[in-house]
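Me: I have some questions about the words used for this structure. Please give the reasons along with the answers.

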Amino acid sequence: MNYLIRKRKLEDCYDIANIVTTSWNETYKGIVPDWFLEELKSNEKLRAEKAISDYDENNNNYIVLEVNKKVVGFAWYGKSDDLEFDNCGEIIALYIIGQYKGNGFGKKLMETATNELKKLGFDKIIIACLKGNPSNEFYKHMSGVHIKDGEYKRLGLPENIYLYANI
């Protein structure tokens with residue numbers, strides 16, 4: 001498979017919104033309420049249009065994964081807003097649609113996002129992952145150390161927080 005990891009472009013906003021919808025519906029069925037998954041489907045176009053209106057090339061902390069010229073995954077990164085980790089980067093989201101998982105693309109996205117966070121001056125990062133998400137095993141495999149339990153506030157669901165120090 002030919003792949004490319006690159007910075008997000010304005011025209012990627014619809015693909016990213018669709019990847020969020022698809023990934024959550026593939027991964028979180030039975031973990032998050034069905035109404036939330038349906039809401040993602042119904043507001044996908046609105047989320048894409050908001051991303052387009054908010055797009056700023058100079059403040060673009062997104063990378064996308066293209067496989068055979070189709071955007072099939074992305075990572076969003078930036079400064080953590082967790083007060084316990086004031087000077088820490090965070091991979092806020094890392095999504096790949098199902099059929100492209102298991103090909104090493106998650107690792108490549110994570111490495112690229114980590115390198116982007118290094119460029120921003122961070123030497124450690126955190127990642128949150130909802131409990132019950134199979135991706136918890138991926139983050140452990142990538143040497144993430146579970147440092148605390150958190151809460152995905154929008155739904156009040158428990159999540160694991162992983163730390164990657166000395167990146």
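Me: Where does Thr-21 lie?

Reply: The model is a predicted one. In it, Thr-21 is part of helix H1, which covers residues 13-27.

Me: Why is Thr-21 called buried?

Reply: Buried means under 20% relative accessible area. Thr-21 has 5% relative accessibility, so Thr-21 counts as buried.

Me: What makes Leu-40, Lys-41, Glu-44 and Arg-47 contacts of Thr-21?

Reply: A contact needs heavy atoms within 4.5 Å. Thr-21 touches these four residues, with residues up to four places away in sequence left out of the count. Take Glu-44: in sequence it is 23 residues from Thr-21, and in space the two C-alpha atoms are 7.0 Å apart.

Me: How do you know that Thr-21 and Glu-44 are joined by a polar contact?

Reply: The cut-off is a pair of N or O atoms within 3.5 Å, where one must be able to donate a hydrogen and the other to accept it. The side chains of Thr-21 and Glu-44 are joined at 2.9 Å, and this is a polar contact.

Me: Is Ser-23 buried or exposed?

Reply: Ser-23 is also placed in helix H1. Its relative accessibility is 3%, so Ser-23 counts as buried. Ser-23 touches Tyr-28, Tyr-95, Ile-96 and Ile-97, again without residues up to four places away in sequence.

Me: Why is Leu-10 called partly exposed?

Reply: Partly exposed is the range between the limits for buried, under 20%, and exposed, over 50%. Leu-10 has a relative accessible area of 37%, so Leu-10 is partly exposed. Leu-10 is found in the loop between strand E1 (3-7) and H1.

Me: Which residues make the nonpolar surface patch with Leu-10?

Reply: Tyr-14 and Ile-52 make the patch together with Leu-10, and its area is about 240 Å².

Me: How do you know that E2 is mostly covered?

Reply: Six of the six residues of E2 are buried. On one side these are Tyr-62, Val-64 and Glu-66, and on the other Ile-63, Leu-65 and Val-67, which leaves both faces covered.

Me: What makes E2 and E3 a pair?

Reply: Pairing needs at least two bridges between the strands. Strand E2 (residues 62-67) and E3 have six bridges, in the antiparallel sense. Among the partners, Tyr-62 is matched with Trp-76 in E3, and Glu-66 with Val-71 in E3. The hairpin of E2 and E3 has two residues between the strands, and Asn-68 there takes a positive phi near 50 degrees.

Me: Which strand pairs with E2 over five bridges?

Reply: That strand is E1, and the pairing is antiparallel. Lys-7 stands opposite Ile-63 in E2.

Me: Why is E3 called largely enclosed?

Reply: Strand E3 (residues 70-79) has ten residues, and seven of them are buried, so E3 is largely enclosed by the rest of the structure. E3 also pairs with strand E4 (residues 89-96) over seven bridges, in the antiparallel sense. There, Trp-76 stands opposite Ala-93 in E4.

Me: What makes E7 largely enclosed?

Reply: Of the nine residues of strand E7 (residues 157-165), seven are buried, so the rest of the structure largely encloses E7. Strand E5 (residues 124-130) pairs with E7 over seven bridges, antiparallel, and Lys-124 stands opposite Ala-165 in E7. Strand E6 (residues 145-152) is joined to E7 by seven bridges, and these strands run antiparallel.

Definitions and conventions:
Residues numbered from 1 in each chain as written. Predicted model: local features only at pLDDT ≥ 70, side-chain atom pairs only at ≥ 80, totals over all residues. Heavy atoms only, no water. Helix = DSSP H or I, 4+ residues; strand = E, 2+ residues; numbered from the N terminus. Buried < 20%, exposed > 50% of the residue type's maximum accessible area, 1.4 Å probe, protein only. Patch = residues over 30% accessible without salt bridge, like charges linked within 9 Å, V, L, I, M, F, W, Y side chains within 5 Å. Areas by Shrake-Rupley, 256 points an atom, 1.4 Å probe, with all protein chains shown as cover. Salt bridge = Lys/Arg side-chain N within 4 Å of Asp/Glu carboxyl O.
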